[in-house]
Amino acid sequence: MDTRGHDEEEPPKPVVLITGCSTGGIGHALARAFAEKKCRVVATSRSRSSMAELEHDQRFFLEELDVQSDESVRKVVDAVVDKYGRIDVLVNNAGVQCVGPLAEAPLSAIQNTFDTNVFGSLRMVQAVVPHMATKKKGKIVNIGSVAALASGPWSGAYTASKAALHALTDTLRLELGHFGIDVVNIVPGAIKSNIGDSAIASYNRMPEWKLFKPFEAAIRDRAYFSQKSKTTPTDEFAISTVAAVLKEKPPAWFTYGHYSTVMAIMYHLPISVRDFVLKKAMKG
Ligand SMILES: NC(=O)c1ccc[n+]([C@@H]2O[C@H](COP(=O)([O-])OP(=O)(O)OC[C@H]3O[C@@H](n4cnc5c(N)ncnc54)[C@H](OP(=O)(O)O)[C@@H]3O)[C@@H](O)[C@H]2O)c1
């Protein structure tokens with residue numbers, strides 16, 4: 001072995017940096033699935049205690065990282081490059097759901113959603129790309145959402161943030177292709193995670209609605225829409241996603257999970273039909 005942990009006879013193991021790896025979520029399952037495929041996994045989250053299960057497992061290098069902080073991102077990216085000399089795969093997984101009617105939801109909550117899902121991902125991209133470009137190789141994986149394919153009521157901020165991320169991903173793929181960097185949009189359907197509980201915790205800090213009080217139950221229900229009986233198990237999603245990402249030529253778009261086919265169809269429906277379906281499904 002050399003000082004950076006390479007086995008001299010084997011090709012170096014891909015170094016994968018993932019954001020938002022708290023236990024119970026998609027990032028955590030992705031970290032485990034990449035490790036199973038013999039990658040060196042830099043698992044990050046806002047607090048190390050949320051990744052306690054990965055402590056003392058040599059396959060993981062754990063770091064605290066808040067995607068909203070320039071300093072935190074720079075510190076971690078520098079630490080990874082110091083330790084391994086490169087970053088092969090960046091997975092922008094950290095994300096927050098935001099429920100509430102757009103006409104009354106506090107702008108601060110909407111901004112927080114974009115600061116995490118959109119600007120947080122872009123902050124990571126800007127920090128990592130110079131290192132990948134030097135090696136003329138790398139993969140950037142953004143976790144989008146099927147929600148962006150059919151924007152329904154009560155989660156407009158989240159859906160808009162994911163639609164923005166999808167658009168950024170398409171542009172990045174073309175711009176970064178010049179530097180040998182593949183860019184992949186992972187578009188999950190409904191996957192078991194902590195997303196509903198986190199959304200409700202934020203929702204409970206919002207003020208009472210004025211016009212939208214009668215819709216309170218439907219709005220709360222929207223937080224858990226992806227977490228009902230037909231939710232796809234997190235590990236199943238992670239294993240399929242990792243297989244797609246680690247391909248020599250990864251796909252530009254990979255969707256998996258409950259509702260992924262339905263939402264792809266919804267995207268192509270006439271708006272009046274789509275509105276009718278979403279109104280029924282989300283009591284909007
Ligand atoms: N679950 C689904 O059905 C579904 C569907 C489509 C897309 N997605 C997307 O999948 C990704 C993972 O979500 P999930 O479902 O696994 O939800 P989750 O269990 O709530 O995980 C979200 C992760 O993001 C982290 N995070 C939030 N703000 C952060 C910040 N400022 N800096 C760093 N990390 C931050 C959370 O950390 P804390 O634990 O500290 O809050 C947590 O680790 C998200 O981008 C989500 O939008 C999920």
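This section describes the overall fold, the central sheet and the ligand surroundings of one predicted model.

The chain holds nine helices and seven strands. Its C-alpha trace spans about 65 × 35 × 30 Å along the principal axes. The radius of gyration is 19 Å. A compact globule of 284 residues would have a value near 19 Å, so the chain agrees with that expectation.

A domain annotation comes from UniProt. The unreviewed entry places the feature "domain: Ketoreductase" at residues 14–194. Over this stretch, helix accounts for 42% of the chain and strand for 18%. The C-alpha atoms at its two ends lie 28 Å apart.

The strands form an open sheet. Seven strands take part, in the order β3-β2-β1-β4-β5-β6-β7, and the pairing is parallel. The edges are occupied by β3 (60–64) and β7 (253–256). Each of these has a single partner strand, so one side of each is left without a neighbour in the sheet. On average, neighbouring strands of this sheet are turned by 20° against each other, direction ignored.

One edge can be followed at the residue level. Strand β2 covers residues 40–45 and pairs with β3 in the parallel sense. Five bridges join the two strands. Within this region, S45 stands opposite E64 in β3.

The other edge of the sheet, β7, is covered in the description of helix α7. This helix comprises residues 234–245. Helix α7 lies across four strands: β4 (89–92), β5 (138–143), β6 (181–188) and β7. Relative to β7, helix α7 runs at about 165°.

The ligand is surrounded by 32 residues. The closest are G20, G25, A94, G95 and S193. Three elements give two or more residues to this shell: α1 (26–36), α3 (107–135) and α5 (195–203). By residue class, the shell divides into 19 polar, eleven nonpolar and two charged residues.

In outline, the model combines an open seven-stranded sheet with parallel pairing and a chain of nine helices in total. Helices α1, α3 and α5 each contribute two or more residues to the shell around the ligand, while helix α7 lies across β4, β5, β6 and β7.

Conventions: Residues are numbered from 1 along each chain as its sequence is written. This is a predicted model: local features need pLDDT of at least 70, side-chain atom pairs count only at pLDDT 80 or more; totals for chains, interfaces and linings use all residues. A residue is near a molecule or strand if its C-beta atom, placed from the backbone, lies within 6 Å of it. Ala, Val, Leu, Ile, Met, Phe, Trp, Tyr, Cys and Pro count as nonpolar, Asp, Glu, Lys and Arg as charged, and the others, Gly among them, as polar. UniProt positions are given in the numbering used here, feature names are shortened, and annotations may be inferred rather than shown by experiment. Two strands pair if DSSP finds at least two bridges between them. Axes are lines fitted to C-alpha atoms, for helices over the stretch in contact, and angles run from 0 to 180 degrees between N-to-C directions. Two residues are in contact if their C-beta atoms, placed from the backbone, lie within 7 Å. The radius of gyration is taken over C-alpha atoms; the globule rule is 2.2 Å times the number of residues to the power 0.38.
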